Amino acid sequence: MSIEPFDVVDLIRTKRDKGVLSTAQINWMVDAYTRGYIADEQMSAMTMAIFLNGMQRDEIRDLTLAMVASGSRLDFSGLGKVTTDKHSTGGVGDKITLPLAPLVASFGVAVPQLSGRGLGHTGGTLDKLESIPGWRASITVDEMMQQLKDVGGVVCAAGSGLAPADGKLYALRDITGTVECIPLIASSIMSKKIAEGTGALVLDVKFGSGAFLKDIELSRELAQVMVRLGEDAGVATRAVLTNMNVPLGLAIGNANEVRESVEVLAGGGPADVVALTVELARHMLDLVGLGDADVEGALQNGQAMDAWRGMITAQGGDVDAALPVARETHTVVAEADGVLVEQHALPFGIAAWRLGAGRARKEDPVDHAAGIDLHAKPGDSVVKGQHLFTMHTNDAARFDRALEALEGGYRIGAAGDDVHTGGPLIAGVVD
Ligand code: URA
C-alpha cells in the first residue's frame, strides 16, 4: 500500500484557518478525492472552508488544472478547423445555445458544445433538444469529430471521462450548500471547458434574480476569474455579463424553447433572444479572427437554419417532426388595464420546473411538453382579461404549486410606473 503524502485533516485545518494550499496539496487532494481515499464528509468540510474563506488566484488555477487532470482531454488539433464554444452560467428561458451553435458553425468554424442537463430552475440544453423526436445526446468521440468536420456544430452530453473530479465535487456541493462560491464555480466550469479542448470560449455570465449569483459585481468577479483561468490555460476567453432578472424570450420549458429557437433561425423570434444570440456569436467569431462576419444576415438568409438542420439530423433528430404538446393548459389573464411592470425570472423558472419542465434529482425524467409561454413582456400595455401567460403540463395536479411560485412574480401597474427589468440585457464585456 502506498503512503499518502498529506493528511487531509491538515489541509482542512489550513483552509479553515484562512491559509493557502500548495500546488502539491491541491493536486493530491483532487486525486485522492476522485479515487475515493478522501471521504465525502472530509471534502464537504473542505468545500465549506473554501466557501467561507475563499481561495487565492494560484489556488483556483491549481484546483482547475487538477480537475482537468482527473480525466481525459479532447484534442481537436486534427480537425482542420478552429474551435469556438460558449458556456452560460444558466438562466430562465436560456435557449441561446440552440440558435447560436448552428449560427456560428455556419461560418465554417467548429462549435463543440458539450452540455449538461438541467438541475433546479435553470433548464438544461440537452433536455430541450431531447424534445426533438429521435435526437440523441450521447454520441461517441469519433461521431463528434466527424460531425464537427461535416456540419461544424455539435451539442452533446459531456461524457463522464471529462473532469470526473468536478462531477463528484459538484454533486457534493449541491447537497452541502456550497454551490454559490466563486472559486468553486469558476474551477468547475473552466475545468470542463479546458478538458473539452476548445480553442476559444465565450462565457455568458448571468446576474439577477434568475441567476446563480444575483449581484452584478459578484458576477463580474466570477467572469474575471474565469477569463484568467482560460487565458492561463491557452484558451482565448471572453465573458459577457448579461441580465437574468427577466426570463429570456417568451418560452420557458423544453419543446417550446426549441420552437422559439427555430423562429430565431428563421429570421424572427423575440428581440432579446435575437440580440443575445447575435452578441455572443459576434464574440465567438471575433475570437477566431472572423470579427466581420455578417451574423444577422446568416439568420435572415437561411444559412444558420441549414446548419441547424444538419446538426440535428446528424444526431438522429427529425427536424420536421411535430414537437410534444402538453395535454393540460392553464392561462392567466390580466386582472386590470395597465402596464406589465414586473416579471421576475426566478418565480417563472420555479413555476416551469414545478410544471415538470425541470428535475429535482439527476435521475428524474423531464416532461418535454411542460413549461410556460409568456404573452407579454415588461413594459407592454395590457387590458383586463388579456392573456399574460399560459402554463403547459401533462399533469394538471401541478398547476396549483406552479401558481404558488408565481405569487408576487409579476405585477400590472399604471402607465408611467417604473418598469423593473434590472437594466439592459447586456451589461458589459470582460476580457
Ligand atoms: N455550473 C457548473 O458547471 N458548475 C458550477 O459550479 C456552477 C454552474
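# Burial, ligand shell and sheet in a predicted model

User: What makes helix 5 (residues 97-105) largely enclosed by the rest of the structure?

Analyst: In helix 5, 9 of the 9 residues are buried, so the helix is largely enclosed by the rest of the structure. Buried means under 20% relative accessible area, exposed means over 50%, and partly exposed is in between, with a 1.4 Å probe and protein chains only. Among the buried residues of helix 5 are Thr97, Leu98 and Pro99. This is a predicted model, in which local features need pLDDT of at least 70 and side-chain atom pairs count only at pLDDT 80 or more, while totals for chains, interfaces and linings use all residues. Residues are numbered from 1 along each chain as its sequence is written, and side-chain values use heavy atoms, with hydrogens and water left out.

User: Why is Cys156 counted as buried?

Analyst: Cys156 has a relative accessibility of 3%, and the cut-off for buried is under 20%, so Cys156 counts as buried. Cys181, with a relative accessible area of 5%, is buried too.

User: How many disulfides does the structure hold?

Analyst: A disulfide is a pair of cysteine sulfur atoms within 2.5 Å, and the structure holds 0 of them.

User: Which residues are around the ligand?

Analyst: They are Tyr170, Arg173, Ile185, Ser188, Ile189, Lys192 and Phe212, where a residue is near a molecule or strand if one of its heavy atoms lies within 4 Å of it.

User: How do you know that Lys192 makes a polar contact with the ligand?

Analyst: A polar contact is a pair of N or O atoms within 3.5 Å; within protein, one must be able to donate a hydrogen and the other to accept it, and residues adjacent in sequence count only if both atoms are side-chain atoms. An oxygen atom of the ligand is 2.4 Å from an N or O atom in the side chain of Lys192, which meets the 3.5 Å limit. For Arg173, the distance from a side-chain N or O atom to a ligand oxygen atom is 2.9 Å.

User: Why are strand 10 (381-382) and strand 12 (410-413) said to stand at the edges?

Analyst: The open sheet of 3 strands has the order 10-8-12, with antiparallel pairing. Strand 10 and strand 12 each have a single partner strand, so one side of each is left without a neighbour in the sheet. Strands are DSSP runs of E with at least two residues, and helices are runs of H or I with at least four, numbered from the N terminus.

User: What makes strand 8 (residues 338-343) and strand 10 a pair?

Analyst: Two strands pair if DSSP finds at least two bridges between them, and 2 bridges join strand 8 to strand 10.
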